[in-house]
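Here is a protein chain to walk through step by step. Keep the sequence and the 3D view side by side as you read.

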Amino acid sequence: MDEAKSDLLQVLSRLEAHWVVLEAELVEINKDILFCEQCLQKYGEHFSFPLHHLKELKKSKKHKMKEIIRTMEAFNSNLVGGRRLVKLLEREMPIAGTGTSFRNAPS
């Protein structure tokens, strides 16, 4: 069970770390997009390909961030559902001597 907890914590920690990196990359990409738009206006079509590339890159990073959010929501949903199920089962069939209490689990 400790190995499962460790795995879960590692996954959550890694997802959070990736989120931070993606967020920082988006800040830079947004700055570069603004600069590229200015260059496109100032110098012409030579900057249209780099601008397109940056916009696609931004879209890709945002998609990855949405995947992280979906995964985190699924973790949370599974945790809440698990607590509810344990609470229901313990009402119906209490397990003596486990020391486990889910009295604070949402109903």
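The paragraphs below go from the whole chain to its helices, and then to single pairs of residues.

Start with the ground rules. This is a predicted model, in which local features need pLDDT of at least 70 and side-chain atom pairs count only at pLDDT 80 or more, while totals for chains, interfaces and linings use all residues. Residues are numbered from 1 along each chain as its sequence is written, and side-chain values use heavy atoms, with hydrogens and water left out.

What does the secondary structure of the chain come to? It comes to two helices and zero strands. Both terms refer to DSSP runs, numbered from the N terminus: helices are H or I with at least four residues, and strands are E with at least two. The chain has 107 residues, and 13% of them count as buried. Buried means under 20% relative accessible area, exposed means over 50%, and partly exposed lies in between (1.4 Å probe, protein chains only). The accessible surface of the chain is about 8,700 Å². Carbon and sulfur atoms account for 59% of that surface. Such areas come from the Shrake-Rupley method with a 1.4 Å probe, and for residues only the protein chains shown count as cover.

Now follow helix α1, which covers residues 2-43. How far apart should its ends be? The expected span of a helix is 1.5 Å times one less than its number of residues. For the 42 residues of α1 that gives 62 Å, and the end C-alpha atoms are 60 Å apart, which agrees. After α1 comes Gly-44, with a positive phi near 100°.

Which residues of α1 are buried? They are Leu-15, Leu-22, Leu-26, Ile-29, Ile-33, Cys-36 and Cys-39. Part of their cover comes from helix α2, which runs over residues 48-92.

Two C-alpha pairs show parts of the chain that are far apart in sequence. Leu-8 lies in α1. Its C-alpha atom is 9.3 Å from that of Phe-75, although 67 residues separate the two along the chain. Leu-8 is partly exposed because its relative accessibility is 38%. The other pair joins Thr-71, found in α2, with Leu-15. Their C-alpha atoms are 8.9 Å apart, and their positions lie 56 residues apart along the chain. Thr-71 has 33% relative accessibility, so it counts as partly exposed. Contacts can be counted over the whole chain too, where contact means heavy atoms within 4.5 Å. Among contacts between residues at least 6 apart in sequence, 52% join residues at least 24 apart.

Next, look at charged side chains. A salt bridge is a side-chain nitrogen of Lys or Arg within 4 Å of a carboxyl oxygen of Asp or Glu. The count comes to five by this rule. One of them joins Glu-28 and Lys-31, at 3.6 Å from N to O. Both residues lie in α1, three residues apart, or about one turn of the helix. Glu-28 is partly exposed, at 42%. Another is the bridge between Glu-67 and Arg-70, at 2.4 Å. These two are three residues apart in α2, so about one helical turn separates them. Glu-67 is partly exposed at 35%, and Arg-70 is partly exposed at 43%.

A further bridge joins Glu-37 and Lys-55, at 4.0 Å from N to O. This pair links distant parts of the chain, with Glu-37 in α1 and Lys-55 in α2, 18 residues apart. Glu-37 is partly exposed at 30%, and Lys-55 is partly exposed at 41%.

Turn to the aromatic rings. Rings of Phe, Tyr and Trp (its six-membered ring) pair if their centres lie within 6.5 Å; planes under 30 degrees apart are stacked, over 60 edge-to-face, and the rest tilted. The whole structure holds one aromatic pair. The ring centres of Tyr-43 and Phe-47 are 6.1 Å apart and their planes meet at 40°, so this pair is tilted. Tyr-43 is exposed, at 52%, whereas Phe-47 is partly exposed, at 26%.

Finish on the surface. Leu-85, Leu-88, Leu-89 and Met-93 form a nonpolar patch there, with about 350 Å² of accessible area together. Patches are made of residues with over 30% relative accessible area and no salt bridge; like charges are joined within 9 Å, and nonpolar side chains (Val, Leu, Ile, Met, Phe, Trp, Tyr) within 5 Å. Leu-89 sits in α2 and is partly exposed, at 34%.
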